[in-house]
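Visitor: Could we go through this one together? I'd like to talk about the rings and then the backbone.
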Amino acid sequence: MTLQHQAVRRIPTDHGILVFGITEPRTPAHFQISAEIGPLPGADDIIVTTRRSGGASEIFTFVRSGRVLRSVEGLQPPHDFKARLAIGSRGQVQAFDVIFGEPRLDHHHTHSHGPQVGREV
């Protein structure tokens, strides 16, 4: 499965760079994580929590599928939310906030609505 180009974020971690994004060839979409540099974390070491503008939140767990991790739970549209990617084991956790947004048809300008700069928290 390929990631949507506008919904991809490279996350620099203590162990390398992860590629975090949304897949959409099927409905519903899913989160996907791959390793660009360094090892891929274990599926049990990843949790993503989303928070939508209305306050609703969801927690996503992961399974390994070949060379990627894929969320077990599907991701319902719209894909406008803040996601916290938590990576860790043995009491050491790194967390990164990423904002995802879909292009709006009522906008008439050309900036990207893909994931915004994430930061480690």
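Visitor: So how many aromatic pairs does a search of the whole structure find?
Guide: The search finds six aromatic pairs, where rings of Phe, Tyr and Trp (its six-membered ring) pair if their centres lie within 6.5 Å, and planes under 30 degrees apart count as stacked, over 60 as edge-to-face and the rest as tilted. One of them joins F31 and F60, with ring centres 5.1 Å apart and planes at 85 degrees, so this pair is edge-to-face. This is a predicted model, in which local features need pLDDT of at least 70 and side-chain atom pairs count only at pLDDT 80 or more, while totals for chains, interfaces and linings use all residues. Residues are numbered from 1 along each chain as its sequence is written, and side-chain values use heavy atoms, with hydrogens and water left out.

Visitor: And are F31 and F60 buried or exposed?
Guide: Both F31 and F60 are buried, meaning under 20% relative accessible area, with exposed over 50% and partly exposed in between (1.4 Å probe, protein chains only). The rings of F31 and F81 have centres 5.9 Å apart and planes at 80 degrees, so they too form an edge-to-face pair. That pair links distant parts of the chain, with F31 in strand 3 and F81 in strand 8, 50 residues apart; strands (E, at least two residues) are DSSP runs numbered from the N terminus.

Visitor: Which residues do ring pairs link into a cluster?
Guide: The cluster contains F20, F31, F60, F81 and F100.

Visitor: Switching to the backbone, which peptide bond is cis?
Guide: The bond from P77 to P78 is cis, with omega near 0 degrees, whereas most peptide bonds are trans. P78 sits in the loop between strand 7 (68-71) and strand 8 (81-89).

How values were computed: Helices (H or I, at least four residues) and strands (E, at least two) are DSSP runs, numbered from the N terminus.
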